[in-house]
Structure formats: structure tokens, C-alpha cells
Amino acid sequence: MPSHQPVAGMSAIDPEFMDQPSAMAGTSEPNRNSKYDPKKPHITEQPITRANWYKHVNWLNCFFILGIPMMGCVAAFWTPLRLPTAIWAVVFYFWTGLGITAGYHRLWAHKSYSARTPLKLFLALVGGGAVEGSIRWWSRDHRAHHRYTDTNKDPYSVRKGLMYSHIGWMVMKQNPKRIGRTDISDLNEDPVVVWQHKNYLSVVAFMGLIFPTLVAGLGWGDWMGGFIYAGILRIFFVQQATFCVNSLAHWIGEQPFDDRNSPRDHVITAFVTLGEGYHNFHHEFPSDYRNAIQWHQYDPTKWCIWVWSKLGLAYNLKQFRSNEIEKGRVQQLQKKLDQKRSKLDWGIPLDQLPVIEWEDYVEQAKNGRGLIAVAGVVHDITDFIAEHPGGKAIIKSGLGKDATAMFNGGVYMHSNAAHNLLSTMRVGVIRGGCEVEIWKRAQRENKDVNYVKDDAGNKIIRAGNQITKVEQPMVSASAA
Ligand SMILES: [Zn+2]
Ligand SMILES: [Zn+2]
């Protein structure tokens, strides 16, 4: 519920929105405010100071989101909670919560399934009982939230802080011009949405307070309990739970599909929000009627939609193909893998190594530097000779020579790990030598393999693809 959102039965539409383009504003908007001048600077354009802070506060929303629940808590002290009322309050909590999650959110904001009129009416009524504004209005903001996630045009961007995304955006005034525009022409054509929007005051008063009171009063004579527990306090809990989708679901949990934006998956958020907690998935696949895709994950909203479809009340349930979902998951895994790889020492990149003449290499090795050439790449193994698992004598016999064949099976077929380790010791490349030709050609021939790069442009060296690994060099040479 943004600042311009009507709360608890107040004006069904904020007059500040009256300068929206035609797709936003219907032809029969109630409650136009003649005092609103879109050309006048909005209060949010001035910094908050000691003198003007109270002008920044949305007192109406404060009263309905915080003031009334506080009064409800106080009244609860004098109102004993009876068991049938407690059960009714919980049941009605689920109904009104579903009105938001299955109705406002998945049906109207995202069109993730279609519903027959009786179901639509039910959802519009119980959703109204959650006191979070009209469907039209709520969906408009929610579409802006998806389209402009984490930006200044996102009405409840978590980048402005956890408390801001939870409640701050409602208790502080918002500049309506800041919020990103979205197309809601489909909602303006939905008779249930239009009816609920026009009669929002009556829907909210009846479904929010009168109906729960009537049920408890006529049912078991607990009028006051029905009003306080199933009415006021239940509204408070449904509101706080739903607000968690904007705050908690953008704050705690995993990001299995994309970590460039804030939405996250977490079971706690799912429990609090009737299954809306798999929010990283939801932002990636918003028109999927599911938020949780595993059978064991908690998504009662999805279960209800599925049951309604079996009863013929809902149809055209949309699902992304698992191929598309898995692609997203693999890409994110790949990104994490690339980040891990980039932290490892893969040796100086070949193109950054100095080119050494063969004679210079032999000369330096003769003068005591522990140089060894494998596949045209020179390695300084001075500090490694003593540690060589195959013994000092063998490794020393390769110094100053071309050890390609020795390393690649002539003496011992070295492991992938050995090639990896060797690459960290490389210091130069030999100009024009036979082995250099081999690796250059091997690189050309295996272009796809050797030049694979990750997101950050780092070369990926697959196991067995190190430059020093020469597969059957004689065959390659004869084939040339
Ligand atoms: Zn979100
Ligand atoms: Zn959504």
C-alpha cells in the first residue's frame, strides 16, 4: 500500500494520480481532488527538516496501519479471546491473505491464471478484507515493482532500506510522479476490478470489519471478539504478512536464478506470506502461477489455485517449461563457478609471457637457473626440484631441454593436477620452436576449447586442456 493508496476504506483513489495517462485513469474515477495541482512541487522534493518533517508523514496511513492496530491491542486487554473466535480469526486471516496472494497478486497483477466470475468475486471481496487498497491500484504498483525492481521507480525498493520497503513507503509521503508507469488497461476492462475499485469504501468496511463481526456475533454471540480479533487485529496481521513480500523476500535467502537484483527465496518468508517467499523464482518467472516449484516447498496459494482448477473455477494455469527454469538455474551456478575460478592462480596468461629465444633458454639453464621447457612454454622450477614426487634426478635431466615428451608420457604421464601446478611456474614462451608450433596449432584446432571465456572474460582451462598437455604430438605433426 503506497502513500497514495487508500487504506481502511478511505478515498478509493488518491487524487494525486489523476494526471496519469489514459491507460491508468478510467473514465469514471471517484473522488477527484480539486486542490491537487500536478504542477506544484511535491513535498518530497524538499529535504526533511525539523520544521517540515510532519508534512512528509502520511498521517492517514499511519493511523490505519499503526494507530488502529494499537487501539485493537489495547481493546484486546478487555476482550477475552474465545476459542471459536480465535479459529474464525485464523480462517478469515487465510481467506483475506489468499485474496491478496491468489487474487490481487497472481490473478490480477500477473495474470498467471484465469478465473471464473464467482471465484473472481470471492477473491475481490476477501482481498478487499485485507485492507490493502483496490485491486486496480495494488496491481498497478506491483507491476511497477516488477518492471523497475530496485530502482527509484520501484514503489517499494529495498535499496532504500528494509524498513522503507516494509512500511516506510506507506507512512512517508511518496511523489506519485516517481513511481514507474505500467499498463493496466486490462484491469480497467475487468468488470470485477472496476466494480471493486468504485465500491472500495463499502467493500473494505464490510469485508474488513462488518463481515467478521457478523459471523462471530450471529454465530456464537461474540460481537466484540469478532470485531477486535477477526476484524482489527486480523487486518493488522494480514497487512504485516503481506508487507513482508516487499521487505523480507528482498532481504533474506538464496538467489538460485539471478543475483543481479534483490529478490530472494526463503522458507521463512514463504511461511509468513502463504507461499510468496520463493521470490527470486517469482521475479524471474512472474507469470508462473507457482512461486514454489518443488512439491515439498510451502506454497498454499499454488495449492488453492490448483484445487480451484480441478473444481472448474480456475483455468489456463501458466507454467514456465522446466527447461527454461533449469537454464536460469545453471547460468547462475555458472556465474558462481566463474567467481570461484577467478580467485585461483592459473599461471601468467600465455599472451603476457615474454618470448625467449631457444638459445637464451638453454644458456640460462646451463648457468644454473632451473628452467624446463614443455610444449614450447618455459617454466622456472628452481624451488620445486626438491619437492618433485618423481625424484630430483629425473626432473633435473630435463633442465635446459625440451621436456615435452618426458612430461607427456615419455617418462611419466603426468596428471591433470601436475599440469595445473606446472602452469603456475611458467615464465616464458619459446620463439618458433617445434613445440611452440604444436601448441599454437593445437590452440587453433581446438579454438572452441581453448578460448572459452567466462562472464568476466577470464579464460576457462578445462581439465586436460592445459597448454602443456600434448595429446599424441607425433600424430598431430604428421597430420599437418
Ligand atoms: Zn518483489
Ligand atoms: Zn509479483
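Over residues 85–107 the chain is entirely helical, at 100% helix and 0% strand, with its end C-alpha atoms 30 Å apart. This span belongs to a predicted model, and the unreviewed UniProt entry places the feature "transmembrane region" at residues 59–79, 85–107 and 200–220. For two of these spans, including the one just described, the computed content and end-to-end distance are set out below.

| Span | Helix | Strand | Distance between end C-alpha atoms |
|---|---|---|---|
| Residues 85–107 | 100% helix | 0% strand | 30 Å |
| Residues 200–220 | 100% helix | 0% strand | 29 Å |

Taken as a whole, the protein contains 21 helices and 6 strands, and 40% of its 480 residues count as buried. Among the contacts with a sequence separation of 6 or more, 69% are made by residues that stand 24 or more positions apart.

One example of two residues that are distant in sequence involves Phe 237, which sits in helix α10, a helix covering residues 223–246. Phe 237 and Pro 69 are separated by 168 residues in sequence, yet their C-alpha atoms are 9.2 Å apart in space. Phe 237 is classed as partly exposed because 17 other C-beta atoms lie within 10 Å, a count that falls between the limit of 12 or fewer for an exposed residue and that of 20 or more for a buried one.

The strands include a group of 4 that form an open sheet of mixed pairing, in the order β3-β6-β5-β4. Because β3 (355–356) and β4 (371–374) stand at the edges, each with a single partner strand, one side of each is left without a neighbour in the sheet. Within the sheet, strand β5 (residues 377–380) and strand β6 (residues 426–430) run antiparallel and are joined by 3 bridges, with Val 377 standing opposite Val 429 in β6. Helix α15, which spans residues 358–366, lies across β3, β4, β5 and β6 and runs at about 140° to β4.

As for confidence, the mean pLDDT of the protein is 85, and 86% of its residues reach 70 or more. Over residues 1–32, however, the pLDDT is below 50, although this stretch has 77 contacts in the model beyond near neighbours in sequence. Residues 473–480 also have a pLDDT below 50, and that stretch has 7 contacts beyond near neighbours in sequence. Where pLDDT is low, the predicted coordinates should not be read in detail.

How values were computed:
Residues numbered from 1 in each chain as written. Chains lettered and ligands numbered in written order. Predicted model: local features only at pLDDT ≥ 70, side-chain atom pairs only at ≥ 80, totals over all residues. Pairing = 2+ DSSP bridges. Contact = placed C-beta atoms within 7 Å. Axes fitted to C-alpha atoms, helices over the stretch in contact; angles between N-to-C directions. UniProt positions renumbered as here; feature names shortened; annotations may be inferred. pLDDT = per-residue confidence, 0-100.
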